[in-house]
Amino acid sequence: MQRALLALSLLAAACDPNRTVPDRAAYAPQGVQPLECVPNLDGRIEASELRTAFGVPVRYLVNPAGTRRPIDLSGVTDAAGRRVWALATDYADDQVATLAASRLDGRWYRASFPTGQFVAPLDLAGALEGVYANDGQVLSLLGYASAREAPPEGRTLVVYASPIATFRFPLESGRQWVTASEVRNATVRGLPWAGRDTYQVRVDGAGTLELPDVTFTQALRVRTTLSIEPAVGAPIVRRQVGFVFECFGEVARAVSQDNEPADDFTTTPELRRLGF
């Protein structure tokens with residue numbers, strides 16, 4: 001009986017003189033949006049290949065606070081004569097730090113940096129923020145401040161008398177520069193601070209960088225040595241070796257202990273690597 005009803009229903013539909021079959025358009029897929037930046041692997045990084053992406057979270061694998069990691073910053077030469085940095089060891093106790101660049105809007109220290117364009121965390125906890133400007137020729141650090149106006153450890157607000165050149169474009173192996181700036185009437189952890197900071201930067205190598213989750217075939221090694229000369233107290237030297245890739249920015253970093261004498265230090269209290 002049910003089959004008979006179904007047959008009658010189909011027959012009625014087929015015989016309905018008012019029924020029309022619509023002429024439907026063929027499926028049109030949504031157009032693929034072009035990428036804003038595509039690495040060309042030419043061994044140099046232009047300002048256009050290192051644009052700030054506001055609010056885009058970047059995940060780094062990092063060693064737990066208070067621990068140290070062995071590291072080989074020299075790298076090896078493969079059979080084709082190319083430099084390779086093998087930083088792909090998978091550590092079971094690695095943690096994830098998520099960092100992102102932001103605009104200055106709403107920051108408590110906004111008025112102290114009238115030419116600032118964006119901020120980015122200086123530490124993995126995001127407690128200290130650097131204020132930057134990029135004019136297409138130089139990525140400059142204007143100073144830094146505590147993310148909170150009144151943190152438990154005390155407020156920090158350091159405004160450089162002249163900008164620090166962190167990157168000079170194009171970045172390519174062989175480039176180096178030195179920038180120094182005075183610090184006056186500053187506050188660090190709630191205490192008065194004055195001194196002079198000197199940044200020595202060298203782009204001294206290009207090659208393949210192997211990380212746990214991704215490999216970059218044309219990364220640049222950037223060495224930054226910061227010399228801090230306080231008005232009161234002994235000078236401090238801090239070394240940092242970063243690996244930078246087109247369109248991605250800094251994809252790995254190792255920091256030395258204070259007053260480390262060797263460029264290629266072999267252990268680090270902070271190893272961050274782009275990953276998941």
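# A walk through the predicted model

Strand 15 and strand 16 form a hairpin with three residues between them, and Cys 247, which sits in the turn, has a positive phi of about 75°. The structure described here is a predicted model, and this hairpin serves as the starting point for the walk. Strand 15, covering residues 236-245, pairs with strand 16 in the antiparallel sense over six bridges, and one of the residues taking part is Phe 245, whose bridge partner in strand 16 is Gly 249. Strand 16 is also joined by four bridges to strand 18 (residues 270-274), and these two run antiparallel as well; here Val 255 has Glu 270 of strand 18 as its bridge partner. Seven of the seven residues of strand 16 are buried, so this strand is largely enclosed by the rest of the structure.

The turn of the hairpin also leads to the disulfide, of which the structure holds one. It joins Cys 37 to Cys 247, with a distance of 1.9 Å from S to S, and with -70° about the S-S bond the link is left-handed. The pair links distant parts of the chain, since Cys 37 is in the loop between helix 1 (2-15) and strand 1 (44-45), whereas Cys 247 is in the loop between strand 15 and strand 16, 210 residues apart. Cys 37 counts as partly exposed because its relative accessibility is 23%, and Cys 247, at 25%, counts as partly exposed too.

From the hairpin one can turn to the interior. In soluble globular proteins, nonpolar side chains tend to be buried together. The largest nonpolar core of this model has 29 residues, and those with the most contacts inside it are Tyr 160, Phe 167, Phe 169, Leu 171 and Val 244. Two or more residues each come from strand 7 (118-121), strand 9 (138-146), strand 10, strand 12, strand 13 (191-210) and strand 14 (215-230), and strand 10 gives the most, with five residues. Leaving aside its neighbours within four places in sequence, Val 244 is in contact with several residues, among them Ile 45, Leu 50, Phe 167, Leu 171, Leu 220 and Val 222. A second, separate core of 21 residues includes Leu 73, Ala 97, Ala 254 and Leu 274.

Phe 169, named above for its contacts in the largest core, also takes part in a feature of the backbone. The peptide bond from Phe 169 to Pro 170 is cis, with omega near -5°, and Pro 170 is placed in the loop between strand 10 (157-168) and strand 11 (171-172). Two asparagines deserve a look for their backbone angles as well. Asn 185, which is not a glycine, nevertheless has a positive phi of about 50°; this residue lies in strand 12 (residues 176-188) and counts as exposed, because its relative accessibility is 79%. Asn 259 likewise has a positive phi, near 65°, but its place is in the loop between strand 16 (249-255) and strand 17 (267-268), and at 46% relative accessibility Asn 259 counts as partly exposed.

Charged side chains add further links, and the count of salt bridges comes to 17. Arg 107 forms one of them with Glu 129, the closest N and O atoms being 3.1 Å apart. This pair links distant parts of the chain, with Arg 107 in the loop between strand 6 (95-99) and strand 7 and Glu 129 in strand 8 (residues 128-134), 22 residues apart. Where does Glu 129 stand, buried or exposed? At 9% relative accessibility, Glu 129 counts as buried, because the limit for that class is under 20%.

Another salt bridge joins Arg 196 to Glu 182, with the closest N and O atoms 2.6 Å apart. Arg 196 lies in strand 13 and Glu 182 in strand 12, so the pair ties together parts that are 14 residues apart in sequence. The side chains of Arg 223 and Asp 204 meet in a salt bridge of 2.5 Å, N to O, and this pair links strand 14, which holds Arg 223, with strand 13, which holds Asp 204, 19 residues apart. Arg 223 is buried, with a relative accessible area of 7%, whereas Asp 204 is partly exposed at 25%. Finally, Arg 69, Asp 93, Asp 94 and Arg 273 are linked in a network of salt bridges.

Conventions. Residues are numbered from 1 along each chain as its sequence is written. This is a predicted model: local features need pLDDT of at least 70, side-chain atom pairs count only at pLDDT 80 or more; totals for chains, interfaces and linings use all residues. Side-chain values use heavy atoms; hydrogens and water are left out. Buried means under 20% relative accessible area, exposed over 50%, partly exposed in between (1.4 Å probe, protein chains only). A nonpolar core is a set of buried Ala, Val, Leu, Ile, Met, Phe, Trp, Tyr and Cys residues joined through side-chain atoms within 4.5 Å. Contact means heavy atoms within 4.5 Å. Two strands pair if DSSP finds at least two bridges between them. A disulfide is a pair of cysteine sulfur atoms within 2.5 Å. A salt bridge is a side-chain nitrogen of Lys or Arg within 4 Å of a carboxyl oxygen of Asp or Glu.
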